[in-house]
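User: I would like to go through this model with you and ask, for each label you put on it, what that label rests on. Please set each value against its cut-off wherever one is needed.

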Amino acid sequence: MQRKPLTQYKAIFFDVGDTLMTIPAARVIMQQFLASRSFHRGQEQIGELFTEAFRLFYYGKQLDPFEACTPESDRTFWMKLYDYILKKLGVEEEKWTEEQIHVCCHELYDLFTAPQQYALFEDVEESLLAFKGKGLQLGIISNFAPTLRSILEYKGILHHFDPVIVSTEVGLEKPDPAIFRLALERAKLAPEDVLYIGDHDRNDIWAPAQVGIDAVKIKRYDYHSGDGILSLRELLQDAK
């Protein structure tokens with residue numbers, strides 16, 4: 001993981017999901033959602049399937065050739081993930097029809113893209129302020145639902161970022177390097193001026209490197225492997 005001292009960059013751009021924020025109670029939210037539909041499963045089983053599905057669908061996702069990203073394609077992707085989880089939990093054995101499963105996946109997508117579900121990691125707010133205090137421009141490049149701006153605003157951090165590049169708004173999706181070129185263009189910055197932080201090897205490390213942007217992996221969970229930082233504070237320690 002090669003990067004220059006923080007003082008040699010003009011900007012830091014961030015991924016959002018599992019980098020700046022997470023849904024801390026995802027297994028509880030799904031358990032309660034299913035229980036309201038008379039389908040009862042334990043939080044541990046739900047949590048294990050979330051991790052399994054993320055590894056399979058998100059961390060194993062390949063976009064080559066790169067496809068256009070739309071609000072519809074984002075919803076479709078996440079509905080496939082929820083469909084996988086529901087069927088692994090045994091909804092078909094409980095005689096749920098495909099239509100019931102389909103409707104349920106739509107509702108889960110809306111539930112999990114609502115601002116109220118998200119929490120910032122504990123190092124985020126103070127680190128953003130510290131980065132800005134050092135004169136760094138902050139930006140977002142994220143594969144996310146169209147609700148991302150409202151989520152960032154709800155969490156009180158939207159005003160820190162310019163540009164805010166959301167896949168479902170711009171029609172480009174990481175790991176397509178074009179989304180990073182677009183961010184550079186909007187920010188009027190050269191690649192060597194930007195450091196990118198994210199949690200996904202292909203989307204957040206490989207992709208920015210294709211346009212000359214240095215990147216650092218942040219490892220928020222035990223299943224995040226390889227080199228990287230565990231907290232944004234590590235970048236600030238390097239800058240002292």
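User: What makes S4 and strand S5 a pair, and in which sense do they run?

Analyst: In this predicted model, S4 and strand S5 (residues 161–166) are joined by four bridges and run in the parallel sense. At least two bridges are needed for two strands to pair, so the four bridges between S4 and S5 satisfy that requirement. Within this pairing, Ile140 stands opposite Val164 in S5.

User: Which other strand pairs with S4, and over how many bridges?

Analyst: S1 pairs with S4, again in the parallel sense and over four bridges. Here Ile12 is the residue that stands opposite Leu138 in S4.

User: Why is strand S4 described as largely enclosed?

Analyst: Strand S4 covers residues 137–142, and five of these six residues are buried, so the strand is largely enclosed by the rest of the structure. The word buried is applied here to a relative accessible area under 20%.

User: What pairs with S6 in the parallel sense?

Analyst: Strand S1 (residues 11–14) pairs with S6 over four bridges in the parallel sense, and Ile12 stands opposite Leu195 in S6. S6 is also joined by four bridges to strand S7 (residues 214–217), with the two running parallel; in S7, Val216 is the bridge partner of Ile197.

User: How do you know that strand S6 is mostly covered?

Analyst: Strand S6 spans residues 194–198, and five of its five residues are buried. In a regular strand the side chains alternate between the two faces of the sheet. For S6, one side carries Val194, Tyr196 and Gly198 and the other Leu195 and Ile197, and all of them are buried, which leaves both faces covered.

User: Why is Leu148 called buried?

Analyst: Leu148 has a relative accessible area of 0%, and the cut-off for buried is under 20%, so Leu148 meets it. The residue is placed in helix H6 (residues 148–154). Leaving aside its neighbours within four places in sequence, Leu148 is in contact with Val16, Ile140, Ser142 and Val166.

User: Why do Ser38 and Lys188 count as exposed?

Analyst: Exposed requires a relative accessible area over 50%. Ser38 is at 62% relative accessibility and therefore counts as exposed, and Lys188, at 74%, likewise counts as exposed. Ser38 is found in the loop between helix H1 (26–35) and H2, whereas Lys188 is in the loop between H8 and S6. Each also has a positive phi although it is not a glycine, with a value of about 60° for Ser38 and about 55° for Lys188.

User: Which residues does a cis peptide bond join, and what is omega for each bond?

Analyst: One cis peptide bond joins Asp162 and Pro163, where omega is about 10°, and Pro163 has its place in strand S5. Another cis peptide bond joins Lys174 and Pro175, with omega about 15°; Pro175 belongs to the loop between helix H7 (167–170) and helix H8 (178–187).

User: Which residues does Tyr59 touch, and where does Tyr59 lie?

Analyst: Tyr59 lies in the loop between helix H2 (43–58) and helix H3 (71–89). Not counting residues up to four places away in sequence, Tyr59 touches Asp18, Phe54, Asp199, His200, Tyr223 and His224. A contact in this sense means heavy atoms within 4.5 Å.

User: What makes the protein chain as compact as a globular protein of its length?

Analyst: The secondary structure of the protein chain comes to ten helices and seven strands. The radius of gyration of the protein chain is 18 Å, close to the 18 Å that the globule rule gives for 240 residues, so the chain is as compact as a globular protein of that length. Buried residues make up 51% of the 240 residues. Among the contacts with a separation of 6 or more, 69% are accounted for by residues 24 or more positions apart.

User: How far apart are the mean positions of the positive and negative charges?

Analyst: The mean positions of the 27 positive and 37 negative charges of the protein chain are 3 Å apart. As for the surface, the protein chain exposes about 11300 Å², and carbon and sulfur atoms supply 49% of that area.

Terms used:
Residues numbered from 1 in each chain as written. Predicted model: local features only at pLDDT ≥ 70, side-chain atom pairs only at ≥ 80, totals over all residues. Heavy atoms only, no water. Rg over C-alpha atoms; globule rule 2.2 N^0.38 Å. Buried < 20%, exposed > 50% of the residue type's maximum accessible area, 1.4 Å probe, protein only. Areas by Shrake-Rupley, 256 points an atom, 1.4 Å probe, with all protein chains shown as cover. Lys, Arg positive; Asp, Glu negative; His and termini not counted. Charge placed at Lys NZ, Arg CZ, Asp CG, Glu CD.
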